[in-house]
Amino acid sequence: MNQAKILEAININKNFGGVQAVKNISFEVNKGELLGVIGPNGSGKTTLVNLITQFVRLSSGSIKFKGKKIDHLPPHKIIGLGISRTFQMVRPFYKLPAYKNMIIPLYSPRAKSLLGGKYGDRDAMALDLLEEVGFERDSFVAYKPAGVLPQGYLKRLELAKAMSLQPDLMILDELFSGLSLAEVASILPIVEKLLQKGISIIMIEHRLKELFKIADRVIVLNYGEKIADGYAQEVMESEAVKNAYLGTEA
Amino acid sequence: MKKRKERIDRGIKARSGDIFALSSYREMMYLSAPRFVPIIGFLILPLLLGVYWQKVLLSVAVFALLAISWDILAQTGMVSLGQALFFGVGAYITGALNHYWGVPPFISIPLATIFGGIICTLMLLPVLRLRGIYFSMVTLIIPLMLVRVIEATKIFGGTEGLTGMTPLPSRWVEVYLVIGIMLVCLFGFRRMMDSDYGLVLRGICDNDRSVINAGINIYWYKTQALFIASSIGAFAGALMTHVYMFVGMPVFALDYSIFPIAAVVVGGPGTLAGATLGACLLVPLSEALRGFGGLRIVFYGIFLVVFTVAIPEGIFPYVQRKYNEFERWVEVDK
């Protein structure tokens, strides 16, 4: 593979007290690819995301984004460089209407410099983006407070907020968890469209079937260690992965 | 024939964001009346009131400013228990400038507003990362500490305070200056909180990690909100110094911290107008109850409890909601 690496993690470690949540993991994301991250519960997937965006500080190791070290920067700077993420547990602004939720990322320095926009313009941008992720324009969904929206819309909102930052790399933390099959089927094309635009994606997912449809490469974590890295099919056939998911025979 | 009550939102022909399509004087009145009533009311009241109640009105405006300042901080997710800090710092700056260097009030008040804002912001900068009750505790304790510092080191006149400030030219200037600034703050900052910038501030209160995740430096925005709020408080303190012609340790009193919170709770948080309305009710009430002597605080307390239980959302949001909807009886067809 001769593509440029957009993100590179080298021997990253994270300890929470005595627990080592991430052990010496190295991986890279190539430009324009979708990297799947899978693993059983508690295997350190979300910690990995938090480490990339520096919501949690690294214990050791380094992370490079577009060839530059980013692990000393505060989270808002990293996001300003072009990494955006969604949260597994959705974090909307509950009191604001859905489209007003979008104003805050659209007001960030990155979005302002790339999209411009004055007060008032951003409302229109917000509604466009929300339509892209499936808020029907003719309905009133986009004007309802986020607090009353169902989970499916909140996940879409979370995705739209990440998209509004015009990222080069998106990290989707269990976007599909808690959604029905139909909802997953309607969000999948949106993710594919992002890939077509050339955005690289790291996708953490428990829904393996859907993930394997779109993932170029998959890494598997277990107890904070990387136990496999490669194409979807070969990864699932490896012995270590089977043991991690199904347990070893005593 | 059965009837039921139907509740409808008052119709405005078209509404999108901030742009209202107005088709009649009635609709224009509907929108502008709630804004003109307080403006005209505040401008006319001093002409109708005697000297004593004019002072009360002055006090209303000062507490309204403190309540607005508290509400801006609260909307940004910083619950402060130390509005007295802002008030006191502003008061002492203008006091010192006027007492030691004879700076006239029209220069010392603006200076106290800006530098009071800067000093308070710097003092609270280290605790900006604290959230919720931890931030509140620190803001509560700082003014209490400053009182002891002044007492122990005898700076700025120690326990005696500084006296003999230059008064403002007349009582009319006093009352109209503070009312003017209060109205500007009320409408200006209400507008600010509704803009995209204000949305970011409110977002920090709602979910700060989400704002970080939007690539925004929340500490920078919190600093700005803190500066705005402390400048408002410092202005109130500076003005009162020139009204009383005295500055001393009472400017750090707990009243200045707790009273604005009571005003916001009664009036309705998150609207700024509620904060002003709360101050308009509580300050005159407190004056009117003076006749009861020791029982005053009891009646005052009962009033607070009744209001917070009866209208927990606050008076202003309640009135606003009722203003925008009306009820009518309609026949139930059967």
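This note covers the main nonpolar core and the contact between chains A and B in a predicted model.

1. Core. The largest nonpolar core holds 155 residues, and the members that touch the most others in it are B:Ala64, B:Leu65 and B:Ile68. Helix H2 of chain B, residues 51-75, gives this core its largest share, 14 residues.

2. Surroundings of B:Ile68. Apart from neighbours within four places in sequence, the contacts of B:Ile68 are B:Cys185, B:Leu186, B:Phe189, B:Ile232, B:Leu272, B:Ala275 and B:Thr276.

3. Chain contact. Chain A contributes 23 residues to the contact and chain B contributes 17. On the side of chain B that touches chain A, H7 and helix H8 (208-212) each supply at least two residues. The largest share of that side, five residues, belongs to H7(B). By class, the side of chain B that touches chain A is made up of six nonpolar, eight polar and three charged residues.

4. Helix pair across the chains. Helix H3 of chain A (residues 98-106) and helix H7 of chain B (residues 196-206) have axes that come within 9 Å and cross at roughly 95 degrees. Angles of 65 to 115 degrees count as roughly perpendicular, and H3(A) and H7(B) are therefore roughly perpendicular to each other.

5. Residues of the helix pair. From H3(A), the contact uses A:Lys100, A:Ile103 and A:Ile104; from H7(B), it uses B:Asp196, B:Leu199, B:Val200 and B:Gly203. Sorted by class, the contact of H3(A) with H7(B) has four nonpolar residues, one polar residue and two charged residues.

Key:
Residues numbered from 1 in each chain as written. Chains lettered and ligands numbered in written order. Predicted model: local features only at pLDDT ≥ 70, side-chain atom pairs only at ≥ 80, totals over all residues. Core = buried A, V, L, I, M, F, W, Y, C linked by C-beta atoms within 7 Å. Buried ≥ 20, exposed ≤ 12 C-beta atoms within 10 Å, placed from the backbone. Helix = DSSP H or I, 4+ residues; strand = E, 2+ residues; numbered from the N terminus. Contact = placed C-beta atoms within 7 Å. Axes fitted to C-alpha atoms, helices over the stretch in contact; angles between N-to-C directions. Parallel < 35°, antiparallel > 145°, perpendicular 65-115°, else oblique. Nonpolar A, V, L, I, M, F, W, Y, C, P; charged D, E, K, R; others polar.
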